Amino acid sequence: MKHLLSTLAVALFAAVVCGCSGGDGEVALTVSAPSIEFPASGGTKSVTVTSGADLVATPSKSWCTAKVDIEKQTVSVTAKKNYAGKARTAELTLTSGSQSQVVAISQKAGSGTFDGFELSSLTFPDLYPTNRGEVNVKATEGSYIIMIKLTDPKYPWRVEITEGDFVSTKYGADQKGSGYFTFEVEANKTVEERRALLTVVSEYEGAKCTYALTVIQEATHRIQDPIEAPKIEW
C-alpha cells in the first residue's frame, strides 16, 4: 500500500512539473493578453510574458515595433501614428525555444488627412498675392517661383494642375520637405482675365494633405482704333 501511494505521489509531481513546462524542460510560454489595440495616435502598450530567457518578439508590420524585457517579463509594443483613413492590423509572434504565441495587434483608423503644410507654406519671391491661396500675374507670358515649406522633411509633395490649360509647372522628380517649383503662363491675348488652379499634394502613409493656389492672369488691355474725324465740305 505504501509503495502504491509513493508511486502515485511521484506520478502526480511529474504531471505538475510537465504541465508548467513546454516540453523537454522548457518553461511554458504564456502571454497575459491575446490582443493589443491602439488608438489612431499610436503609443506604447505592454503584455506580461512567462518564458525562458531566449524570448524573441517579431512584429509582422513595419508600423509597430517590439522590445523584450526579460527581467520584468514584459514585451512592450509601440505603434506609429495611423494617418490613413482606415484601420490596420498586424501580428506579434513571440518565440521561446520550440514554443510560439501570436498576439493580434490592431489600430484604429486615422482621419485620412494630416497637417503637412505650415500656415505660411507658400511664399512668392516675385509675386504679390491678393490673399492666401491667390496670386495675380500679368497678361504677358512669364515664369514665377513658388517656395514651399512642409512641417516635416520626410513628407513628399507634387504639383497638380487641376484647372487652366495656359499654365505649366517645373520641379524636381523627388521633392520632399521644403523646396520650390516654377510655374509658367502663356500670354493672355483675350480681353478677359482667366484663372488656373494649382494644387500642391503631399501623401504620406495613406493620408493626403493638399494646398490649393489660384493663379489669376489679367486681361490684355487693347487700345481702340482711333475714330476718324468726319470730313467737312465748305
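**Entry 1: the loop at Glu205**

I began with Glu205, which I located in the loop between strand S18 (194–204) and strand S19 (207–217). I note at the outset that the model is predicted. I then read the backbone torsion of Glu205: phi is positive, about 50°, although the residue is not a glycine. Most residues other than glycine have a negative phi. I looked up the accessibility of Glu205 as well and found a relative accessible area of 35%. I therefore enter Glu205 as partly exposed.

**Entry 2: Gln73**

I next turned to Gln73, where phi is near 55°, again a positive value in a residue that is not glycine. Where does Gln73 lie? I found Gln73 in the loop between S7 and S8. Its relative accessible area is 38%, so I record Gln73 as partly exposed.

**Entry 3: the antiparallel sheet**

From that loop I went on to the sheet that contains S7 and S8. I list an open sheet of 4 strands in the order S3-S5-S8-S7, with antiparallel pairing. The edge strands are S3 and strand S7 (64–69), each of which pairs on one side only.

I then checked the individual pairings. Strand S3 (residues 30–31) and strand S5 (residues 43–50) run antiparallel and are joined by 2 bridges. Within this pairing, I placed Thr30 opposite Thr50 in S5. On to the next pairing: how many bridges join S5 to strand S8 (residues 74–79)? I read 6 bridges, and these strands run antiparallel. Thr48 has Thr74 in S8 as its bridge partner.

**Entry 4: the mixed sheet**

I also looked up an open sheet of 4 strands with the order S4-S10-S9-S6, and entered its pairing as mixed. Its edge strands are strand S4 (35–38) and strand S6 (56–59), and each pairs on one side only. From one strand to the next, I note an average twist of 20°.

Do S4 and strand S10 (residues 99–107) run parallel or antiparallel? I found that they run parallel, with 4 bridges between them. For Ser35 I recorded Ala104 in S10 as the bridge partner.

**Entry 5: charges over rings**

I searched for charged ends placed over aromatic rings and entered two cases, beginning with Lys45. The charged end of Lys45 sits over the ring of Phe38, at 5.7 Å from the ring centre. By residue number, Phe38 falls in strand S4 (35–38), and Lys45 falls in strand S5 (residues 43–50).

My other entry is Arg194, which lies over the face of Phe166, 4.1 Å from the ring centre. Arg194 is a residue of strand S18 (194–204).

**Entry 6: aromatic pairs and Gln175**

I searched the whole structure for aromatic pairs and obtained 4. I also noted one aromatic cluster, formed by Tyr83, Tyr155 and Tyr204. Of these residues, Tyr204 belongs to strand S18 (194–204).

Tyr155 led me to Gln175. Leaving aside residues up to four places away in sequence, Gln175 touches Tyr155, Pro156 and Trp157. I placed Gln175 in strand S16 (residues 175–176). Is Gln175 buried or exposed? I enter Gln175 as buried, because its relative accessible area is 15% and the cut-off for buried is under 20%. Gln73, by contrast, is partly exposed at 38%, and Glu205 is partly exposed at 35%.

How values were computed:
Residues are numbered from 1 along each chain as its sequence is written. This is a predicted model: local features need pLDDT of at least 70, side-chain atom pairs count only at pLDDT 80 or more; totals for chains, interfaces and linings use all residues. Side-chain values use heavy atoms; hydrogens and water are left out. Two strands pair if DSSP finds at least two bridges between them. Rings of Phe, Tyr and Trp (its six-membered ring) pair if their centres lie within 6.5 Å; planes under 30 degrees apart count as stacked, over 60 as edge-to-face and the rest as tilted. A charge sits over a ring if NZ of Lys or CZ of Arg is within 6 Å of the ring centre and within 35 degrees of the ring normal. Buried means under 20% relative accessible area, exposed over 50%, partly exposed in between (1.4 Å probe, protein chains only). Axes are lines fitted to C-alpha atoms, for helices over the stretch in contact, and angles run from 0 to 180 degrees between N-to-C directions. Contact means heavy atoms within 4.5 Å.
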